[in-house]
Amino acid sequence: MTYTYIVFGLLWRIVYGITSQCTVTDVKSLLEGCDRITGLNVTSVGGTIVNDHNCDVVLPKQVFLEEPLFQFSSADVKKFFTLLIVDPDAPPQIDGEFYLHMVKSNIPGLALKAKDSTKTVGIDYRGYKPPTPPRGTGLHRYLCLLYEQADGNNFLPTVPTTRLRFSLAKWLVGKNLCGPIAGIQFRTEF
């Protein structure tokens with residue numbers, strides 16, 4: 001039955017000339033810092049804001065114990081988005097693997113423009129886990145990455161079985177996600 005819907009969906013897109021022109025940024029380039037990821041605002045429950053003006057700021061891990069509010073003022077209200085939070089510095093540090101802190105999908109563009117909300121609306125496929133850098137591992141970067149869903153709100157991601165050793169590059173293959181179109185980074189330590 002699912003196969004029939006997939007084939008029908010593909011035929012419908014071909015007949016009506018709908019194509020999704022997506023670009024996905026190389027994951028390694030995202031690690032170059034705040035010049036590569038901009039535009040996303042993150043506000044903690046206590047009111048601490050991380051944005052383009054203080055990207056890469058070092059904060060106590062307690063600031064983000066609860067899921068923050070994510071805002072993207074340039075979000076198209078007719079589109080849907082997926083948000084990921086990853087830690088590239090979590091041990092064991094293996095090239096291209098991260099600790100996965102969150103996957104939230106089917107976020108309406110309107111929700112990203114909200115100014116009076118406390119939590120970003122969407123479907124939590126891998127619920128928020130606050131920063132937890134282990135003792136003695138130094139500063140950890142937390143990358144918040146926003147992708148546009150090329151297929152509207154029909155995105156059903158495969159959920160990784162574990163948060164450890166999450167390969168973002170492999171996970172993105174075949175997902176029809178564009179971007180990241182916005183992002184931000186902050187750092188914390190034990």
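## Strand β5 and its partners

In the pairing of β5 with β8, Glu 97 has Ser 167 of β8 as its bridge partner. These two strands, β5 and β8 (residues 166-167), run antiparallel and share 2 bridges. Strands here are DSSP runs of E with at least two residues, numbered from the N terminus, and two of them count as paired if DSSP finds at least two bridges between them.

This is a predicted model, where local features need pLDDT of at least 70 and side-chain atom pairs count only at pLDDT 80 or more, while totals for chains, interfaces and linings use all residues. Residues are numbered from 1 along each chain as its sequence is written, and side-chain values use heavy atoms, with hydrogens and water left out.

Strand β4 (residues 80-87) also pairs with β5, antiparallel over 7 bridges; here Ile 85 is matched with Met 102 of β5. Strand β6 (residues 123-126) is antiparallel to β5 as well, joined by 3 bridges, and Ser 105 has Ile 123 of β6 as its bridge partner.

## How covered is β5?

Strand β5 spans residues 97-108 and is mostly covered, with 11 of its 12 residues buried. Buried means under 20% relative accessible area, using a 1.4 Å probe and protein chains only.

## A three-stranded open sheet

Elsewhere to look: an open sheet of 3 strands is ordered β2-β1-β3, with antiparallel pairing. Because β2 (49-50) and β3 (69-71) are at the edges with a single partner strand each, one side of each has no neighbour in the sheet.

Strand β1 (residues 41-43) meets β2 in the antiparallel sense over 2 bridges. Within this pairing, Val 42 lies opposite Val 50 of β2.

Methods: Helix = DSSP H or I, 4+ residues; strand = E, 2+ residues; numbered from the N terminus. Buried < 20%, exposed > 50% of the residue type's maximum accessible area, 1.4 Å probe, protein only.
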